[in-house]
Amino acid sequence: MLPYLAYRYVKNKREKNQRDMDSDLDSMVRSIVPDKAVISIPGVAAKLGEDSREYIPGVLSILEKSVGVFIEWRPSEDPDATWVMTSDDGNAEMVHSRSPEEKRDRGARVAFSMDVNDLSSFRNDEAKKGSGGFPSIRLICRDGSSQVPLFFRNCSTGEFIDRLQGYITLRRSHRDGNLVLVVDQKSEALAKSVSMLDENGDILSRFMQNPYMTAMTGFSKITSFVQDQVIPSVLNDTDAVTQEEKIRLMRELRLAEEQMRVHSDAAGEFEVVTQLDLPPRPEIYRELPVSKELWNSFKLSNGSIDPMKLHHLKMNVFRGGLNAELRKEAWKCLLGYRQWHESDSEFEKRRTELAKQYHNMKSQWMSVTEDQEKRFSKFVKRKSLVEKDVARTDRTVPFFQGEDNVNLIHLHNVLMTYVMYNFDLGYVQGMSDFASPLLFVMKDEVDTFWCFVGLMEMTHKNFEKDQAFIKLQMNQLRDLVMIINPKLANYLESEKSDDMYFCFRWVLVWFKREFSFLDTCKLWEVLWSGQPCPRFILLICVAILDSQTNMIIDNHFGLTEILKHINDLSMHLKVDEILTAAEAIFHQLSASQNKLPAHICQYLNIGESAVSSSNNSPSRSDPDREDL
């Protein structure tokens, strides 16, 4: 044993010395061989987010270093450099809206340096003629992550791309003209060889290898694994590798459950579906938000909504959302806090009673002493979760900024009172994401609480410990992708990603982490309208995935890369474009209802599965309301 230990000691010592020598040599080479700027393009601005109107001016460079060739973007070092603000008509105006410290901090946050060998592809978008905008590039890495969009204010993207081609081979995607791929020439040659061989294969045999099978799969309970580990992982900005580990565990548990199900229920039926020829998607346009004047035109003299016009009103909300000044009144109706048929006097009378109930429940948890908490472990755990979540919810939104912000106290009170209202469910991480926009709009604890109760009636199944409803929605999403985009469905299956768990966060908190605060408000009120179908949130998921098909397939993303790419879409999605695409998909499927499987029609509430549209509103006053 002793000689072996001595051998290991000497071996480790030699390896350490070699590493030290390599490090010293690398440092010496870097000091002898200076970085060479192949090209430096000033006036390249980084956009902070899709909803943001602010751009940070900077310099984009291609650098030859001793360790490789790098693409770098750095913010401008000029403290007086202007920030570009794009106006609503697409024209640009220069303003000095930030202090030098803010510019430096924000610029440092989005600055990057990446090896060209880590580049997988990039989007090259030219500005539309007459729009007053700028051409842009967004770099996508091999691991699925992406850099912030870069806008070329003073020149085109051509010179940058020409210089880049001196180091890597580029090819424009056949599927998407704006997507430029980095080609691995060895892999490209192999792929061509395989495709030539495949062309001689039996077409029928290749078709039969991948039939489209859709089925509703039941799930058993998975203790508290998803609630205690997966939800915190996807909501707390955990790195994609950790998220992937959780998702893989979820998949293993699912497969184990399905295996048990095969043995216990051999009589299960599956509906086999071949690829459908769907009609073209219609061109859809979003309408203007519902104004106070238009909303009032649907009212009767007593302040209630005319039942004969209710469906028309909901369609107006669905097609355009609401003006900000109207939300405080309209959200109460959409969330069932105020019933559509209630007069002004009836609601005020009931609101007085509900206010008393709220303060009674609030006093219950506030009166729990420290001594009682020693024997009330479940309450203490939920209280701790609420406090942690409130401290980190929407802190970048001005309404919740600052350490002594009274709005944080109101948010805490609402969530703790809900623990007393629904102690069976209590509090689960992510609920604060639903409560904060309500408080922002209502500016009142009582109104916020009862709106939150209505919203939780729609979404509470997302937070149940077994997560059966989330998994059901993932299955339904997979079914819809199979029908709408079979190419993507086949690819996800080949990458063992067809369980759709990378969309978990989208469905869990209704895209709260994907859109800006105000865009989230618009998206939610569209969903609350209940139009045009109970599962419209799944069509929003499909619309986003459909728009990313070429990016995912052409870059050969696996599960880890898909997860990173999906996470990087956050704050870079345009809510109106997504809503328009989702509605177009609905009408495309609705026009094919006679061809669709029965369960797809059921998700969309079309064909024989349809129920009266007047009962589709997601409010507590609707007896036939489905949870979204």
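Visitor: If helices (H or I, at least four residues) and strands (E, at least two) are DSSP runs numbered from the N terminus, how many of each are there in the protein chain?

Guide: The protein chain holds 25 helices and 15 strands. This is a predicted model, where local features need pLDDT of at least 70, side-chain atom pairs count only at pLDDT 80 or more, and totals for chains, interfaces and linings use all residues. Residues are numbered from 1 along each chain as its sequence is written, and side-chain values use heavy atoms, with hydrogens and water left out.

Visitor: Okay, and how much of the chain is buried?

Guide: Of its 628 residues, 50% count as buried, where buried means under 20% relative accessible area, exposed over 50%, and partly exposed in between (1.4 Å probe, protein chains only). Contacts (heavy atoms within 4.5 Å) also reach across the sequence: of those between residues at least 6 apart, 71% join residues at least 24 apart.

Visitor: Let's look at a sheet. What order do the strands of the open sheet have?

Guide: The open sheet has 4 strands in the order β1-β4-β5-β8, and their pairing is antiparallel, with two strands taken as paired if DSSP finds at least two bridges between them. At the edges are β1 (36–42) and β8 (112–115), each of which pairs on one side only.

Visitor: How many bridges join β4 to β5?

Guide: There are 8 bridges between β4, residues 58–65, and β5, residues 68–75, and these two strands run antiparallel. Within that pair, Val59 of the chain is placed opposite Arg74, which belongs to β5.

Visitor: What about Ala45, is it buried or exposed?

Guide: Ala45 counts as buried because its relative accessibility is 0%, and its place is in strand β2, residues 44–47. Once neighbours within four places in sequence are set aside, Ala45 is in contact with Tyr55, Ile56, Pro57, Pro149, Leu150, Phe151 and Arg153. As for Ser76, its C-alpha lies 9.2 Å from that of Ala45, although the two are 31 residues apart in sequence.

Visitor: Switching to helices, which residues of α11 are buried?

Guide: In α11 the buried residues are Phe347, Leu354, Ala355, Tyr358, Met361, Lys362 and Trp365. Their cover includes four helices, namely α10 (327–334), α13 (377–392), α14 (406–421) and α16 (445–459).

Visitor: And Leu480, what is it in contact with?

Guide: Apart from neighbours within four places in sequence, Leu480 is in contact with Leu538, Leu539, Val542, Leu589, Ile600, Tyr603 and Leu604.

Visitor: Where is Pro532, and what is the peptide bond from Gln531 like?

Guide: Pro532 sits in the loop between α20 (517–528) and α21, and the peptide bond that leads to Pro532 from Gln531 is cis, with omega near -10°.

Visitor: I'm curious about backbone angles too. What is the phi of Met500?

Guide: For Met500 phi is near 65°, a positive value in a residue other than glycine. Met500 lies in the loop between α18 (486–494) and α19 (504–508), and Met500 is buried, having a relative accessible area of 1%.

Visitor: Then there's Met571: what phi does it have, and where is it found?

Guide: Met571 is not a glycine, yet its phi is positive, about 70°, and Met571 is found in the loop between α23 (559–568) and α24 (575–590). With 28% relative accessibility, Met571 counts as partly exposed, whereas Met500 is buried.
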